[in-house]
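This report describes a ligand site, the pocket around it and selected backbone features. The sequence and structure are shown first.

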Amino acid sequence: MQLYHYYRSSASYRVRIALNLKGIPWEPAPVDLRTAASAQRAAAFLALNPQGLIPVLTDGALTLTQSVAIIEYLEERYPQPPLLPGNAADRAQIRSLALAVACDIHPLQNLRVLNYLRSTFAADENAVNAWAGEWIGAGFRALEERARRLSGDGRHMLGGSVTLADVCLVPQMYNARRFKCDVGAFPTLRAICAHLESLPAFARAAPEAQPDAPRAQ
Ligand SMILES: N[C@@H](CCC(=O)N[C@@H](CS)C(=O)NCC(=O)O)C(=O)O
């Protein structure tokens, strides 16, 4: 399998975590999102994903977009370890936690949204960080409360094993730190992330562990 990704794309980070957790070998295909390259808008990439967004997973002749759909494909093809465990109600809760990140929090800090704020509303970096912090904060306040109720051990969003909800949380916490969001009010989410980030599958998926990440001089 080949994953078109960028080291600090949080949607890509989700898929890297899922691939690693399931022990699926994958080949990285870096797509440079920085303005000078804007490789996501090159014709060759748009042929893969007309949305001009990463991640894209190819598996033989199959091309898939949308990180959550990709992870559910992996879940069906490689059921162990399950990222959607339990009964129908558990799986609905897991999806609800994951989609709170993927549908409601993350899209508001996507590169094209932030670039629009910069170009159309002359937002400087402080304004961009304030925008991101507002929406991450609103989303995390609700997730903090839900994790307090649903986590079985204070180390996972729901129950006591890694699920799709955890796979989505960790990259979003990375984004929160990147945009200098104050995460002090979210002790449950921070404790869950501290545990997950210590797991090899998560550590190997981290932005700084990717070959396309800038190396310290
Ligand atoms: N809902 C999509 C979101 C994908 C997405 O927004 N990807 C970002 C990187 S995290 C991207 O490619 N941005 C490029 C741009 O905004 O031009 C998913 O979960 O895969």
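## The largest pocket

The largest pocket holds about 920 Å³ of space. Helices H1, H3 (67–77), H4 (88–105), H5, H6 (125–150) and H7 (164–178) are the elements that each give two or more residues to its lining. The model is a predicted one.

The lining of the largest pocket comprises 42 residues; those nearest the centre are Leu33, Leu53, His106, Asn110 and Leu111. H5 makes the greatest contribution to this lining, with six residues. By residue class, the lining divides into 17 nonpolar, 16 polar and nine charged residues.

## The ligand and its shell

Which space does the ligand take? The ligand occupies the largest pocket. A shell of 15 residues surrounds the ligand, and the closest of these are Gln40, Ile54, Gln66, Ser67 and Asn110. Asn110 is also among the residues nearest the centre of the largest pocket.

Two helices, H1 (10–21) and H5 (111–121), each provide at least two residues of the shell. The largest share, three residues, is supplied by H1, whereas H5 gives the most to the lining of the largest pocket. The shell is made up of five nonpolar, seven polar and three charged residues.

## Polar contacts and coverage

Side chains and backbone both take part in the polar contacts of the ligand. An N or O atom in the side chain of Ser67 lies 2.6 Å from an oxygen atom of the ligand. For the side chain of Arg14, the corresponding distance from an N or O atom to a ligand oxygen is 3.2 Å. Arg112 contributes through its backbone: one of its polar backbone atoms is 2.9 Å from an oxygen atom of the ligand.

On its own, the ligand has 520 Å² of accessible area, and the protein covers 91% of it.

## Backbone features

Most residues other than glycine have a negative phi, and most peptide bonds are trans. Against this background, several places in the model deserve attention.

The peptide bond between Ile54 and Pro55 is cis, with omega of about 5°. Pro55 belongs to the loop between helix H2 (43–48) and strand E3 (56–59), and Ile54 is one of the residues closest to the ligand. A cis peptide bond also joins Gln80 and Pro81, where omega is about -15°; Pro81 is located in the loop between H3 and H4.

Ala122 is not a glycine, yet its phi is positive, at about 55°. Ala122 lies in the loop between H5 and H6.

Definitions and conventions. Residues are numbered from 1 along each chain as its sequence is written. This is a predicted model: local features need pLDDT of at least 70, side-chain atom pairs count only at pLDDT 80 or more; totals for chains, interfaces and linings use all residues. Side-chain values use heavy atoms; hydrogens and water are left out. A residue is near a molecule or strand if one of its heavy atoms lies within 4 Å of it. A polar contact is a pair of N or O atoms within 3.5 Å; within protein, one must be able to donate a hydrogen and the other to accept it, and residues adjacent in sequence count only if both atoms are side-chain atoms. Accessible areas come from the Shrake-Rupley method with a 1.4 Å probe; for residues, only the protein chains shown count as cover. On a 1 Å grid over the protein atoms alone, a cavity is a set of points where a 1.4 Å probe fits but cannot get out, and a pocket is an open set with protein on both sides within 12 Å along at least five of seven lines; lining residues have an atom within 4 Å of a point. A molecule sits in a cavity or pocket if more than half of its atoms lie within 2 Å of its grid points. Helices (H or I, at least four residues) and strands (E, at least two) are DSSP runs, numbered from the N terminus. Ala, Val, Leu, Ile, Met, Phe, Trp, Tyr, Cys and Pro count as nonpolar, Asp, Glu, Lys and Arg as charged, and the others, Gly among them, as polar. Grid points are joined across faces, edges and corners, and a volume is the space filled by probe spheres set on the points.
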